[in-house]
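The exercises below are meant to be worked through with the sequence and the model open side by side. Please try each task before reading its solution.

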Amino acid sequence: MCSALLAILTVLALTPARAHAAPATWSPPANLITPLDQVWQHQEQTYNNGDLYGFRNYGWDQVMANRGYVNYCVRWDSSATVTAAQRDAIHAALARQHKKWTDELTGHNAWPYAQVPVRVVGWAVRNRSQLQWTDTSVDIYVNDIRENAPQCGVPCGRFFNQNGRYPNCPGGVARHYDQSLWLTDGFGGGAGGDWGQRVGKEYFLNNINAADMHILLHEIGHTWGLDDFYDWTPSGVGGFLMKAGSAARITEFDAWMFRDWWRHLKSRYGY
Ligand SMILES: [Zn+2]
């Protein structure tokens, strides 16, 4: 028994981490073609008063404007203190979850980026003394309150400057932020959109090492344009991440819905 167990452990140890490769072309499995078409039609009919293509601040627009990265502000909507180690762990967890989506594009259908780095360029807080670091690795915004929560500066935010220019941002384009990670004391569930994602501070910290932080993954899906499915289900698909509560990770159907956004928007960026 011991030797068998050892053999299994050896095999596991020698198995190299598989590089994630998305399909090279638009080639969804046959059983997903109809539900994908249903989803796209539904989005076209219901987004932006029927003008899905008129909206210009999807996650796609942000990453393509940056040529392949995304900048974040952390809205620390909490009375807790934060150490430098916690700050860096929050950044790392956010980057890991974000990568779960962008890995689904790597090598797919002319998507131009092998990586989409996540940079945290700012932290917003009510009181500077909550942040227990003195280095200057992020910009710090103190007591700039909107929606009853601290925010990073309006002049630096993509949401407020959708032409992608930041003439009044002290750090310029390099320190602009595309999205906010809004962490709120005692907040249940989540919210997501072109402005970023909001989840509970406790949820985020309690799941900071989880392989799949599924509420955050779902909300990041919204930032990329993916829809909710509260009142209908596409034909023939079971649980999936964007149908809240029915899956706890990005499924094959989620990945193809995501790639469908790129398929439909890529001409806007010259691809
Ligand atoms: Zn949702």
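**Exercise 1. Decide whether helix H6 (residues 214–223) is largely enclosed by the rest of the structure or largely open, and identify its buried residues.**

Solution. Begin with the cut-off, bearing in mind that this is a predicted model: a residue counts as buried when its relative accessible area is under 20%. Next, apply that cut-off along the helix, which gives Ile215, Leu216, Leu217, His218, Glu219, Ile220, Gly221, His222 and Thr223 as the buried residues of H6. Nine of the 10 residues of H6 are therefore buried, so the helix is largely enclosed by the rest of the structure. Finally, look just beyond the end of the helix, where glycine 225 takes a positive phi of about 110°.

**Exercise 2. For histidine 222, work out whether it is buried or exposed, and which residues it is in contact with beyond its neighbours within four places in sequence.**

Solution. First place the residue: histidine 222 belongs to helix H6. Then consider its accessibility, which is 14% in relative terms, so histidine 222 counts as buried. Lastly, set aside the neighbours within four places in sequence, and the contacts of histidine 222 that remain are Gly192, Gly193, Asp227, Asp228 and Met242.

**Exercise 3. Describe the setting of aspartate 194, and find the side chain that a polar contact joins to that of aspartate 194.**

Solution. Start from the location, since aspartate 194 sits in the loop between strand E9 (190–193) and strand E10 (196–200). With a relative accessibility of 13%, aspartate 194 counts as buried. Continue with what surrounds it: not counting residues up to four places away in sequence, aspartate 194 touches Phe55, Asn57, Gln62, Phe159, Gln162, Asp178, Gln179 and Thr223. One of these, Thr223, is also among the buried residues of H6. The side chain sought is that of asparagine 57, which a polar contact of 2.8 Å joins to the side chain of aspartate 194. As a last step, compare sequence with space: aspartate 194 and aspartate 61 are separated by 133 residues in sequence, while their C-alpha atoms lie 9.7 Å apart.

**Exercise 4. Establish which backbone oxygen the side chain of glutamine 130 reaches, and at what distance.**

Solution. Locate glutamine 130 in the loop between strand E3 (118–125) and strand E4 (131–132). Its relative accessible area is 8%, which means that glutamine 130 is buried. Then list its partners, leaving out residues up to four places away in sequence: glutamine 130 touches Trp76, Ser78, Ser79, Ala80, Thr81, Val82 and Val125. The backbone oxygen in question belongs to alanine 80, and the side chain of glutamine 130 reaches it at 2.9 Å.

**Exercise 5. Examine the backbone of asparagine 48 and arginine 67, and state how far each residue is exposed.**

Solution. Recall the background first: most residues other than glycine have a negative phi. Against that, asparagine 48 has a positive phi of about 50° although it is not a glycine, and arginine 67, likewise not a glycine, has a positive phi near 60°. Now place the two residues: asparagine 48 lies in the loop between helix H2 (30–46) and helix H3 (59–66), whereas arginine 67 lies in the loop between H3 and strand E1 (70–77). For accessibility, asparagine 48 counts as partly exposed at 36%, and arginine 67 counts as exposed at 70%.

**Exercise 6. Judge whether the radius of gyration of the protein agrees with that of a compact globule, and add what the burial and contact totals show.**

Solution. Take the elements first: the protein has seven helices and 10 strands. A compact globule of 271 residues would have a radius of gyration near 18 Å, and the protein has 20 Å, which agrees. Along the principal axes, its C-alpha atoms fill a box of roughly 60 × 55 × 35 Å. Turning to the totals, 48% of the 271 residues count as buried. Of the contacts with a separation of 6 or more, 65% are between residues 24 or more positions apart. The surface completes the picture, with about 12,700 Å² exposed, of which carbon and sulfur atoms supply 53%.

Methods. Residues numbered from 1 in each chain as written. Predicted model: local features only at pLDDT ≥ 70, side-chain atom pairs only at ≥ 80, totals over all residues. Heavy atoms only, no water. Buried < 20%, exposed > 50% of the residue type's maximum accessible area, 1.4 Å probe, protein only. Helix = DSSP H or I, 4+ residues; strand = E, 2+ residues; numbered from the N terminus. Contact = heavy atoms within 4.5 Å. Rg over C-alpha atoms; globule rule 2.2 N^0.38 Å. Areas by Shrake-Rupley, 256 points an atom, 1.4 Å probe, with all protein chains shown as cover. Polar contact = N/O pair within 3.5 Å; in protein donor to acceptor, adjacent residues only side chain to side chain.
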